[in-house]
Amino acid sequence: IGQLVADAQAALRPAEQIDLGRLQRTFTLRSRDGFVENFGPALVSRLRAEAPGVRVHFVPKLDRDSQPLRDASVDLETAVIDADTSPELRTRALFRDRFIGVVRAGHPLSRGPVSLDAYVAGEHILAAHQGHAHGRMDEALKALGLERQIVTLVSGFSAALALARGSDLIAMVPERHTSNLRHGLHGFSLPVPLPEMTISLLWHPRMEADPAHRWLRQVVHELCSQSAVPDHQPG
């Protein structure tokens, strides 16, 4: 009960003014790979300019368990909100994203629009949590009576792109989340479009009114919403 009362008081506490120049604090932000590569440099630069005593500890997101937010081992997390997301958590949308196909420069699929037949005929990389043997695209193809050949599974987008860069394998990754990781690769619209997704920022209610936490949430939101979704052509 004591913890519940403390959390309620923290959530209802009026916002306080903080001296960013004198703030000394380390925040832990958990995200899937690609987020740090795309938004990390700008975030660190902003912190160095406004609050040089603030550090961010980036940690990888390996599952959807929200316990790290509850036990305060993680301060902020990025995620796609769905039915499994804990209703107690606070959320704020950061940006919209979509999945695209990615191949190496010079790959046969880089020479024009990719047909469904050509896509299914290729060999694919599946980036999936916890070793799942199929993903969203496989469900979409199954509904059409089709199946793609997955020749390797990886746990993250960085690994999928590294394999695609050095082979004829086809990767499927979120466009904006991996824009900096795809330099020199060819991206293309999927022949079976998948629903767009919203990447959101999550935190525990106890941090709602914490002035430094509120400031960091605003900074992350501004950095993620500033630039438009990049072109999915090569580069």
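Two strands count as paired here if DSSP finds at least two bridges between them. Keep that in mind as we walk through this model, which is a predicted one.

Let's start with β1, residues 25-31. This strand is mostly covered, with 5 of its 7 residues buried. On one side, 7 bridges tie β1 to β2 (residues 54-60), and the two strands run parallel. If you want a spot to click on, take Ser31, which sits opposite Pro60 of β2. How do β1, helix α2 and β2 go together? With α2 spanning residues 35-50, they make up a right-handed β-α-β unit.

β1 also has a link to β3, residues 76-80: here 2 bridges join the strands, again in a parallel arrangement. Strands of a sheet pair through backbone hydrogen bonds, and the pairing can be either parallel or antiparallel. Between β1 and β3, Arg30 stands opposite Glu77.

Glu77 deserves a stop of its own. This residue belongs to strand β3. Is Glu77 buried or exposed? Its relative accessibility is 2%, and the cut-off for buried is under 20%, so Glu77 counts as buried. The side chains of Glu77 and Arg30 don't just face each other across the strands; a polar contact of 2.7 Å joins them. Setting aside residues up to four places away in sequence, Glu77 touches Arg30, Lys61, Asp65, Leu69, Ser200, Leu201 and Leu202.

Now hop over to Arg70, in the helix α3 (residues 67-70). At 28% relative accessibility, Arg70 counts as partly exposed. Which residues does Arg70 contact, once neighbours within four places in sequence are left aside? They are Ser86, Glu88, His204 and Arg206. With Ser86, there is a side-chain polar contact of 3.4 Å. Glu88 is 18 residues away from Arg70 in sequence, while their C-alpha atoms are 9.6 Å apart in space.

Next up is a separate set of strands. An open sheet is formed by 3 strands in the order β8-β5-β9, with antiparallel pairing. Its edges are β8 and β9 (186-188), each of which pairs on one side only. From one strand to the next, the twist averages 40 degrees. β5 and β8 are joined by 4 bridges and run antiparallel; one place to look is Ile100, whose bridge partner in β8 is Val173. Helix α6 packs on this sheet, touching β5 and β8, and its direction makes about 140 degrees with that of β8.

So what does α6 itself look like? Helix α6 covers residues 157-165, and its buried residues are Phe157, Ala160, Leu161 and Ala164. Viewed down the helix axis, these buried residues fall within an arc of 95 degrees, so they line one face of α6. The cover over them includes β5 (99-103), β6 (123-127), β7 (149-154) and β8 (171-174).

Leu163 makes a good last stop, since you'll find this residue in α6 too. Is Leu163 buried or partly exposed? At 33% relative accessibility, Leu163 counts as partly exposed. Beyond its neighbours within four places in sequence, Leu163 is in contact with Ile125, Thr152 and Val154. For Thr152, the separation from Leu163 is 11 residues in sequence and 9.4 Å in space, C-alpha to C-alpha.

Note on methods:
Residues are numbered from 1 along each chain as its sequence is written. This is a predicted model: local features need pLDDT of at least 70, side-chain atom pairs count only at pLDDT 80 or more; totals for chains, interfaces and linings use all residues. Side-chain values use heavy atoms; hydrogens and water are left out. Buried means under 20% relative accessible area, exposed over 50%, partly exposed in between (1.4 Å probe, protein chains only). The arc is that of the directions from the helix axis to the C-beta atoms. Contact means heavy atoms within 4.5 Å. Axes are lines fitted to C-alpha atoms, for helices over the stretch in contact, and angles run from 0 to 180 degrees between N-to-C directions. A crossover is right-handed if, with the strands pointing away from the viewer, the path from the first strand over the helix to the second runs clockwise. A polar contact is a pair of N or O atoms within 3.5 Å; within protein, one must be able to donate a hydrogen and the other to accept it, and residues adjacent in sequence count only if both atoms are side-chain atoms.
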